[in-house]
Amino acid sequence: MLEAYVTNLGKYNEGYLVGEYLSFPTTAEEVQALLKRIGIDGVRYEEIFITDYETDIPGLYDCLGEYESIDELNYLAELLDGLNRSEMDIFCAAVEHGEHTGSIKDMINLTQNLDCYDFYPGVTDDETLGRIYVEDIAAIEVPEYLLPYFDYEAYGRDIRLEEGGHYAPGGYVLNNGNSFVEVYSGLEDIPDEHKVFSMPKLTIREQMAAYKEIIDRSSLEAERKHPTKEHDDR
């Protein structure tokens with residue numbers, strides 16, 4: 001449902017693309033193993049960014065940025081994993097419509113406010129929408145003898161524009177006016193069991209090797225900036 005290509009920022013700045021896809025939801029152990037494989041050890045390299053996403057939720061790719069929190073991505077994926085089919089259809093339709101997608105915080109809150117939307121599965125055009133409102137909902141009363149001549153498409157279009165509804169993959173969605181409640185305000189609201197990001201645990205030997213590399217690199221850089229001058233004694 002959601003994968004992110006986690007990239008070593010330090011290596012990237014040095015001209016190397018070093019990273020791997022991480023599938024969500026994930027675990028702390030999987031995150032630490034991946035970080036270790038791409039060279040993030042908390043000593044030589046500490047920062048990451050995300051260079052690509054893979055998702056089957058329409059519109060979600062464009063809502064996610066390079067520096068999203070791994071913990072927030074994981075929490076969002078956990079919440080999405082808990083939705084039933086009907087709820088997932090509403091979430092996908094709202095995202096594709098651009099509702100509450102300004103940040104990952106917005107989308108986490110969206111998963112908690114799906115009752116703010118009405119969704120009509122399989123309704124993908126104005127004519128079908130018009131027929132539902134006339135024949136099923138009885139939003140207006142049309143004499144039976146006039147039904148064969150009634151312009152369902154025009155009526156459906158008027159309904160859609162008036163409601164601000166949207167045809168998304170899978171059906172028709174509209175905001176029903178229920179109050180949207182901000183349940184999630186930031187990282188502190190993520191339950192501990194869904195927090196997965198931490199630096200890899202290094203052995204003493206790995207720590208020593210990392211610090212030695214830093215020292216060697218610093219010495220080499222200093223030598224490049226201040227090369228030793230050879231004096232001719234003749």
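1. A good place to start is the meeting of two helices: in α6, Asp126, Glu127, Leu129, Gly130, Arg131, Tyr133, Val134 and Glu135 touch Tyr152, Glu153, Tyr155, Gly156, Arg157, Ile159, Arg160 and Glu163 of α7. Contact here means heavy atoms within 4.5 Å. By class, this contact holds six nonpolar, two polar and eight charged residues (Ala, Val, Leu, Ile, Met, Phe, Trp, Tyr, Cys and Pro count as nonpolar, Asp, Glu, Lys and Arg as charged, and the others, Gly among them, as polar).

2. A word on the source before going on: this is a predicted model, in which local features need pLDDT of at least 70 and side-chain atom pairs count only at pLDDT 80 or more, while totals for chains, interfaces and linings use all residues. Residues are numbered from 1 along each chain as its sequence is written, and side-chain values use heavy atoms, with hydrogens and water left out.

3. Back to the helix pair. Helix α6 spans residues 126-136 and helix α7 residues 152-163; their axes lie 7 Å apart and pack at an angle of about 90°. The two are therefore roughly perpendicular to each other (65 to 115 degrees). Axes are lines fitted to C-alpha atoms, for helices over the stretch in contact, and angles run from 0 to 180 degrees between N-to-C directions. Helices (H or I, at least four residues) and strands (E, at least two) are DSSP runs, numbered from the N terminus.

4. Asp126 deserves a closer look. This residue of helix α6 counts as buried, at 12% relative accessibility (buried is under 20% relative accessible area, exposed over 50%, partly exposed in between, with a 1.4 Å probe and protein chains only). Beyond its neighbours within four places in sequence, Asp126 is in contact with Tyr152, Glu153, Gly156, Arg157, Arg160 and Tyr167.

5. Also in α6, Arg131 and Glu135 form a salt bridge, with the closest N and O atoms 3.2 Å apart. A salt bridge is a side-chain nitrogen of Lys or Arg within 4 Å of a carboxyl oxygen of Asp or Glu. The partners are four residues apart in the helix, so about one helical turn separates them. Arg131 is partly exposed at 33% relative accessibility, as is Glu135 at 47%. Salt bridges that share partners join Glu127, Arg131 and Glu135 into one network.

6. The structure holds eight salt bridges, and two others may interest you. Lys105 pairs with Glu182, the closest N and O atoms being 3.5 Å apart. This pair links distant parts of the chain, 77 residues apart: Lys105 sits in helix α5 (residues 104-111) and Glu182 in the loop between β6 and α8 (204-225). Lys105 is partly exposed, at 27% relative accessibility. In the other, the side chains of Arg44 and Asp41 meet at 2.7 Å, N to O; Arg44 is partly exposed at 30%, whereas Asp41 is buried at 6%.

7. Finally, the sheet. Three strands form an open sheet in the order β4-β6-β5, with antiparallel pairing (two strands pair if DSSP finds at least two bridges between them). The edge strands, each pairing on one side only, are β4 (117-121) and β5 (166-168), and the twist averages 25° from one strand to the next. Three bridges join β5 to β6 (residues 171-175), and His166 stands opposite Val173 in β6. Helix α4 (residues 85-97) packs on the sheet and touches β4, β5 and β6, its direction making about 115° with that of β5.

Technical notes: Angles under 35 degrees count as roughly parallel, over 145 as roughly antiparallel, 65 to 115 as roughly perpendicular and the rest as oblique.
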